[in-house]
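Grab a pencil and have a look at the structure below. Try each exercise yourself before you read its solution.

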Amino acid sequence: MNTAVVVLLVVATVTYGFKAAGPLLLGGDRQLPGWLLRTADALPVPLLAALVVVATVVADGRLVIDARIAGLAAAAIALALRAPFIVVVIIAALATAGVRAVG
Amino acid sequence: MRRPTGQTLRVPTPADPASGVLSRRHKRAIWKQALSIAIAITPFGVAFGVACNEADLGWLVALGYSSLIFTGGGQFAAVSVLGEGGTAGAAILAAVLLNLRSLAYGVAMAPSLKGSLPWRAAVSQLMIDESVAVASPQTGAQARTYGYLAGGLSVFVLWNISTLVGVLAFSSAGDLVTDLGIDATIPAAFLALVWPRLSTNEGRALAAGGAVIALVLVPLVPAGIPIVAAALAVVFARPWRPGDPTSEPLAVTES
């Protein structure tokens with residue numbers, strides 16, 4: 001078996017364990033304690049905020065300030081103006097492409 | 001049936017939560033978000049296919065990565081380590097560190113994933129950034145489950161198709177992704193999905209805490225860890241406070 005397939009099988013198995021641990025151990029009909037429900041409700045917010053940061057200012061494991069910042073700023077303005085989701089995403093791409101074309 | 005008010009991300013709760021049926025309008029609003037983000041990630045699926053080409057993986061193994069691992073970041077990490085001639089151990093470690101956050105997502109989604117053990121085992125494969133992001137702004141367990149499934153399935157299908165396109169049709173990605181600003185669509189999409197939750201002080205504190213933790217840790221620790229560590233910002237929600245959470249609004253709710 002070649003290396004890429006070994007890596008695939010190991011990573012897929014471990015990753016599935018990560019993905020399924022919550023739903024299998026905590027999901028279903030059992031009544032979860034209040035602190036766990038509140039934690040579950042709050043968790044996506046800091047995780048998604050961290051994803052936004054990492055996808056905007058990280059490249060090759062280092063902090064990099066580039067045209068993606070302009071895209072994110074444009075997206076934030078579009079969201080504040082209540083633009084629909086797909087418009088927000090397109091505006092981010094256009095702003096980033098525009099800054100790159102100029103710079 | 002009520003009209004959705006305001007931005008498209010806020011979908012109305014079903015008129016009668018006890019009926020257990022989401023309105024068609026509500027479902028359509030959720031699918032719109034799910035498909036939008038799935039389309040936004042397709043250039044990265046193509047790029048992943050190209051990376052597989054460069055690492056000599058072949059289309060079948062590439063599809064294996066996109067369907068069996070099914071976490072964009074982890075797949076890219078593993079294949080780029082292999083493409084650079086790294087060892088299997090290094091590739092596995094990089095991918096596993098990046099995918100560790102699935103554990104936190106699983107805890108977040110567990111209260112919304114009811115049903116039999118085999119069902120939960122099956123839908124767990126869809127535990128990715130995008131499915132949790134589509135589920136998160138929904139109100140009520142049922143709409144969250146629907147958002148999770150819609151987000152997960154949309155991305156699963158388009159991610160695998162775009163991977164295949166990348167493997168078979170492109171020998172090199174070139175600079176198309178950066179020239180067209182496509183790399184900025186991902187943070188914009190996640191910002192749009194977390195946006196409804198920024199309307200409360202608690203939501204803003206959670207987001208700011210997560211963002212600062214990630215920002216500070218990026219130069220210090222291996223990739224993947226900053227996002228996992230951002231979960232610590234849940235302390236801003238004071239989950240230990242007394243009271244019955246089922247009597248509280250679970251997310252940003254429109255009253």
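Here are three short exercises on this predicted model.

**Exercise 1.** Work out whether Asp60(A) and Arg82(A) are buried, partly exposed or exposed.

*Solution.*
Step 1: Find Asp60(A), which sits in the loop between β1 (58-59) and β2 (62-63) of chain A.
Step 2: Count its neighbours: there are 7 C-beta neighbours inside 10 Å. The cut-off for exposed is 12 or fewer, so Asp60(A) counts as exposed.
Step 3: Move on to Arg82(A), in the loop between α4 (68-80) and α5 (85-102) of chain A. Arg82(A) has 14 other C-beta atoms within 10 Å, so it is partly exposed.
Step 4: Check the backbone too. Phi is positive in Asp60(A), near 50 degrees, and in Arg82(A), near 65 degrees; neither residue is a glycine.

**Exercise 2.** Describe the contact between chain A and chain B.

*Solution.*
Step 1: Count what each chain brings: 69 residues come from chain A and 92 residues from chain B.
Step 2: Look for the top contributor on the chain B side. That's helix α10 (residues 185-194), with 10 residues.
Step 3: Sort the chain B side by type, and you get 63 nonpolar, 21 polar and eight charged residues.

**Exercise 3.** Find where the predictor is confident about chain B, and where it isn't.

*Solution.*
Step 1: Start with the average: chain B has a pLDDT of 86, and 86% of the residues score at least 70.
Step 2: Compare helices. Confidence is highest in helix α2 (residues 59-69) of chain B, at 97, and lowest in helix α9 (residues 176-179), at a mean of 77.
Step 3: Spot the weak stretches, where pLDDT is below 50 over residues 1-19 of chain B and under 50 over residues 249-255 of chain B.

Definitions and conventions:
Residues are numbered from 1 along each chain as its sequence is written. Chains are lettered from A and ligands numbered from 1 in the order in which they are written. This is a predicted model: local features need pLDDT of at least 70, side-chain atom pairs count only at pLDDT 80 or more; totals for chains, interfaces and linings use all residues. Two residues are in contact if their C-beta atoms, placed from the backbone, lie within 7 Å. Helices (H or I, at least four residues) and strands (E, at least two) are DSSP runs, numbered from the N terminus. Ala, Val, Leu, Ile, Met, Phe, Trp, Tyr, Cys and Pro count as nonpolar, Asp, Glu, Lys and Arg as charged, and the others, Gly among them, as polar. pLDDT is the predictor's confidence in each residue, from 0 to 100. A residue is buried if 20 or more other C-beta atoms lie within 10 Å of its own, exposed if 12 or fewer, and partly exposed in between; C-beta atoms are placed from the backbone.
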